[in-house]
Amino acid sequence: MSDNNHKIEDSAQFDIIVMGGGPSGANAAIAAARDGHRVLLVEKHGFLGGSLTAMGVGPMMSFHNPAGEQVVMGQAEELIQRLMKKDASPGHVPDSVTYCSTVTPFDSEALKVELESMFLEAGGELLYHTHFAGADIDEANRVRSILLCNKAGLTRYAAKVFVDATGDGDLAAALGASFAKGRDADNAMQPMTMNLKVGNVDMRAVRADVIANPDNFDFDMGVEEGLKRLAETSRVSLKAYVKTWQAAKERGEVTVPREYVLFFETATPGVVIINTSRIQGLDGTNPHDLSRAEVLGRQQNLEIFRFLKQHCRGFEKAIRMDSASQIGIRETRRVRGRYTLTAEDIVNETDFPDSIALGGYPIDIHSPDAVETNSTHLAKNTRYQIPMRCLVLDEPDNLIVAGRCISATHEAMAAFRVTPIAMAIGQAAGAMASVSILEDTPANQVPYASVRKRLLSANARL
Ligand SMILES: Cc1cc2nc3c(=O)[nH]c(=O)nc-3n(C[C@H](O)[C@H](O)[C@H](O)COP(=O)(O)OP(=O)(O)OC[C@H]3O[C@@H](n4cnc5c(N)ncnc54)[C@H](O)[C@@H]3O)c2cc1C
């Protein structure tokens, strides 16, 4: 096929193509490649990690439920162990915000290398700097190939099974799959955030300030627990400067629609991620909205950085490092699959016959239109299940969806969207793709027993 300007080339046939190299896609690709399949992992950036690298997100939260039981293991935990061996993560540390029991800081450069190594060691093939551009369906309504766009032009890549791990469900949407966006009432989605890394922060001074002025900080489990965790943790997380921020807002110094400065110390002491800007009312699948969000995010970060330097102890000599290479997108499309996970399933811990991953993170909704963040904290021993049916559609039968765009409501997605759970879902997607090929069964009909066996043998928790 060609038009006047573009010739479309055909590439080799793969067993499995994973579209998107974020936490879910990288793990799907690693799991499938470890089973010996010919796997192509396609990513628009020049590195893996998705939000954790490109959007400057961190720490990973949380591998544990509120009681402190580890509910995410498998490849995600293997990644942390590898990072720890290289001194690139302190491992799971107490969360001093007291929102979760633990958070897991990491060095984002090391993460890029480690994810790449895990995939390449398994024999996978990487294709960076490449955008998804379209897909085509055969007579049996199966995905035959996808069209990719890069420096070489447009190329068609064929495979037996496809995994959509774009976060936005780009592949599923192009195939005409039904999807939802945002809240039921008005389709409004969680806001975007431009994360900013700030260095040379005097963390001893920050800690002393928290101890001296605890009522200027917001601890989900109260001041006493917050100060206890602060003393225990090697890396600080804070919902900070509540009163100082409010006063600066009243003086007109800051306009960001946020309640406080949320920040997290990274694996590198004194370097923090400022997760505070908030861009509401825009759609992360609309390129014009995305462009506007990038501009607004950087403008908000100027205000936030100035506020920190002027008013916050420990930030006097802080230096602004890079903002993330792209705006952080919390929520866009959620594909409508064979089962739609709900908030009730999360809160009541529905027992599914086809659980492929567990989570313990609360329902965490950054308001689409107000200066608030709405959380539903879960019972201490929560281990909610993600069913396999949320990853597949009735048609096409050779498509698996992984990560934050699986089939769920706005509220349920606000819980499992975090990176440890996205990695667990990704590993399951890779196992499903593998079973589909090994047992010559359509990906949306793979026997759960086979997937379960593979996941358990790879140390996953179901
Ligand atoms: C601002 C912000 C703060 C957050 N804070 C935390 C936190 O502190 N801790 C935590 O654990 N989680 C946090 N999250 C949630 C978490 O980061 C994401 O929900 C999670 O990364 C989802 O993983 P994913 O693999 O589904 O998608 P993504 O991480 O979005 O990965 C998708 C990948 O696909 C690629 N891609 C997308 N479309 C295309 C295309 N058309 N062509 C080629 N490649 C494409 C992208 O470049 C990306 O690499 C935060 C998210 C945001 C936005």
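**Helix packing, ligand shell and unusual backbone in a predicted model**

Let me begin with a pair of helices: α1, residues 23-34, and α11, residues 419-438, pack at an angle of about 35°, and their axes are 7 Å apart. Please keep in mind throughout that this is a predicted model. The crossing in which α1 passes α11 is right-handed. On the α1 side the contact involves P23, S24, G25, A26, N27, A28, A29, I30, A31 and A32, and these meet a set of α11 residues that includes T419, A422, M423, G426, G430 and S434. If we sort the residues of this contact by character, we find 13 nonpolar and 8 polar, with no charged residue.

Both of these helices come back when we turn to the ligand, since α1, α11 and the strand β6, residues 131-137, each supply at least two residues of the shell around the ligand. Which of the elements gives the most to that shell? It is α1, with 3 residues. There are 37 residues around the ligand, and those that come nearest are G20, G22, G50, G328 and G403. By character, the shell divides into 13 nonpolar, 17 polar and 7 charged residues.

Next I would like to look at helix α2, which covers residues 74-85. Its 12 residues, at 1.5 Å a residue, should span 16 Å, and the end C-alpha atoms are 17 Å apart, so the model agrees with the expectation. The buried residues of this helix are G74, Q75, A76, E77, L79, I80 and L83, and what covers them includes α1 and α11 again, together with α3, residues 108-121, and α12, residues 448-457.

Ahead of α2, in the loop between β2 (39-42) and that helix, we find V72. Is V72 buried or exposed? It counts as buried, because it has 30 C-beta neighbours inside 10 Å, and the cut-off for buried is 20 or more. Leaving aside neighbours within four places in sequence, V72 is in contact with F63, E77, L358, P420, I421, A424 and R461. As for I329, which is 257 residues from V72 along the chain, the two C-alpha atoms are separated by 23 Å.

Finally, some backbone details that you may wish to inspect on the screen. As background, most residues other than glycine have a negative phi, and most peptide bonds are trans. Where, then, does the backbone take a positive phi just after α2? That is at D87, with a value of about 60°, although D87 is not a glycine. D87 is found in the loop between α2 and β3 (93-94), and D87 is exposed, because 10 other C-beta atoms lie within 10 Å. N141, also not a glycine, has a positive phi of about 65°, and N141 is found in the loop between β6 and β7 (143-150). With 12 other C-beta atoms within 10 Å, N141 is exposed, since the cut-off for exposed is 12 or fewer.

Turning to cis peptide bonds, the bond from M61 to S62 is cis, with omega near -5°, and S62 lies in the loop between β2 and α2, where V72 is also found. The bond from E395 to P396 is cis as well, with omega near -10°, and P396 has its place in the loop between β19 (384-387) and β20 (399-401).

Definitions and conventions. Residues are numbered from 1 along each chain as its sequence is written. This is a predicted model: local features need pLDDT of at least 70, side-chain atom pairs count only at pLDDT 80 or more; totals for chains, interfaces and linings use all residues. Axes are lines fitted to C-alpha atoms, for helices over the stretch in contact, and angles run from 0 to 180 degrees between N-to-C directions. Helices (H or I, at least four residues) and strands (E, at least two) are DSSP runs, numbered from the N terminus. A crossing is left-handed if the near helix is turned anticlockwise from the far one by less than a right angle, and right-handed if clockwise. Two residues are in contact if their C-beta atoms, placed from the backbone, lie within 7 Å. Ala, Val, Leu, Ile, Met, Phe, Trp, Tyr, Cys and Pro count as nonpolar, Asp, Glu, Lys and Arg as charged, and the others, Gly among them, as polar. A residue is near a molecule or strand if its C-beta atom, placed from the backbone, lies within 6 Å of it. The expected span of a helix is 1.5 Å times one less than its number of residues.
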